[in-house]
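Reader: Please take me through one part of this model closely. I would like the sheet, and how the two copies sit against each other.

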2 protein chains.
Amino acid sequence: MSDSLTTTPRVPKYIAIRDAIAHEIESGQLSSNTKLGSERLLSEQFSTTRVAVREALLALETDGLIYRLDRRGWFVRSPRIIYRPQSTKSFNQYVSEQGGIASTELISAELVKATSWDATHLDIQLNDDVYSIWRRRSINGRPAVVEHIRVNAELFPHLLSLPLNQSMTALMAQHYQRQLTRAHINLYPTTFAEQQAKALHVNVGSMGLYICRTNRDQNGMITDVDQEYWLHDVLDLHFEAHD
Amino acid sequence: MSDSLTTTPRVPKYIAIRDAIAHEIESGQLSSNTKLGSERLLSEQFSTTRVAVREALLALETDGLIYRLDRRGWFVRSPRIIYRPQSTKSFNQYVSEQGGIASTELISAELVKATSWDATHLDIQLNDDVYSIWRRRSINGRPAVVEHIRVNAELFPHLLSLPLNQSMTALMAQHYQRQLTRAHINLYPTTFAEQQAKALHVNVGSMGLYICRTNRDQNGMITDVDQEYWLHDVLDLHFEAHD
């Protein structure tokens, strides 16, 4: 027999590193949101080059096992959160039901004049009053989504004095008797511009999921339009289609 | 006045190239799916370095104006196709209504035994008969989606002898009196493994959109499960949520 038939095929070094780290994650030795060692540390641990370590980390990212936070290193990913856009459950509800800890930070809230985009989407006139609200929502402390909410201000006097880090749907129902009854949802994968990327601690141009909800109350009035910019690996969406 | 106040701020060279190409696209001088000149040609045309040309092309890709085909260069992007997963319109219908030319290629079709994934998703037993069908669908000649369809073979005798590059929904209705009545849809952004990447002419690890449809007929029977792997920049999804 020739040497080529008896020699074991050469497995690239990075595959062994990838498999070792994948095993630690899948067996639970490394739990969600644990920080991995630095690339230098891993290359020492596996007695290999930083190039091989980097290849292994990129492969683990592709498989959805780890994620990168800009300048902070690599972390073990949590399973995706199941999101049913047809449900009226709040972010806090569906995250906590799945064992996660949800939190919301108010970035800014102001009364502005409707742009032509606002007017078209809220079905109001140009320059009508609109609340423009930016929030960031996190799951287990990791920023997951930045959202820009535009509210028809005429329907919600003094909204800005309410606690805007809570569920908007609940605030609208409790304080204004306007129940979320139906929504139009538009979504597509997108790349993040600077504002979204900074708020989510990822690089400009990173992949994300854009979801825009146009919410209507029990009378069919558009109450608000919510543009959500999600990290690409957070959500697992489910919905039903009927004839 | 000091020089620093009278000097025009330096705009990076790549911005000018980006804007020039963007203008040609937005004004219609460069139409959808036109190939751009090579990076070498563009660097001569703009009297600049290939580094600056490359930066400009990456910025145009982020803005969604151009796309890259593995080893073939850069092309002008078409507007996204509006896809309403709740509609029973076929791929051919909604693409052609939006002015596109749809085409479907059958990659493979075979009768196999149900795996545990198949059994769970089709609500059948392990090792029951399943048709496993792979297709690639293109819009204006550009591959847009690869799909893997699993059909409950018991419900559709001799399905493999029908023209499988046509609408499966139409075939099931016309030949078997099974109408698509409702569907469960699951979707999330994903990165392509080798098989999907090759079929779509993109790099392994490129971003895509995964859509899995579980289709049921008028009697509530699951007819087929369709896993679709879309290029990330093809679709603009719209759907309605009711209380």
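Author:
**The axis and the sheet**

Pro189(A) is the residue of chain A that comes closest to the rotation axis, with its C-alpha at 3.3 Å. The model is a predicted one. Chain A superposes on chain B by a rotation of 180°. The shift along the axis is 0.1 Å, and the RMSD is 0.1 Å. The two copies are thus related as by a two-fold rotation axis. Both copies use the same surface: 100% of the contact residues of chain A recur in chain B.

Now the sheet. Eight strands make it up, and it is open. The order is β4(A)-β5(A)-β6(A)-β9(A)-β8(A)-β7(A)-β10(B)-β3(B), so strands from chain A and chain B share it, with mixed pairing. At the edges stand β4 (102-113) of chain A and β3 (81-83) of chain B. Each has a single partner strand, so one side of each is left without a neighbour in the sheet. Neighbouring strands are turned by 20° against each other on average, direction ignored.

Look at the chain B edge. There, β3(B) is joined to β10 (residues 235-242) of chain B by three bridges. The two strands run parallel. Within this pair, Ile82(B) stands opposite Asp236(B) of β10(B).

A helix covers part of the chain A strands. Helix α7 (residues 168-176) of chain A lies across β5 (129-139), β6 (142-152) and β9 (222-231) of chain A. The helix runs at about 35° to β6(A). In the sheet order, β5(A), β6(A) and β9(A) follow one another.

Notes: Residues numbered from 1 in each chain as written. Chains lettered and ligands numbered in written order. Predicted model: local features only at pLDDT ≥ 70, side-chain atom pairs only at ≥ 80, totals over all residues. Heavy atoms only, no water. Pairing = 2+ DSSP bridges. Helix = DSSP H or I, 4+ residues; strand = E, 2+ residues; numbered from the N terminus. Axes fitted to C-alpha atoms, helices over the stretch in contact; angles between N-to-C directions. Contact = heavy atoms within 4.5 Å. Least-squares fit on C-alpha atoms with pLDDT ≥ 70 in both.
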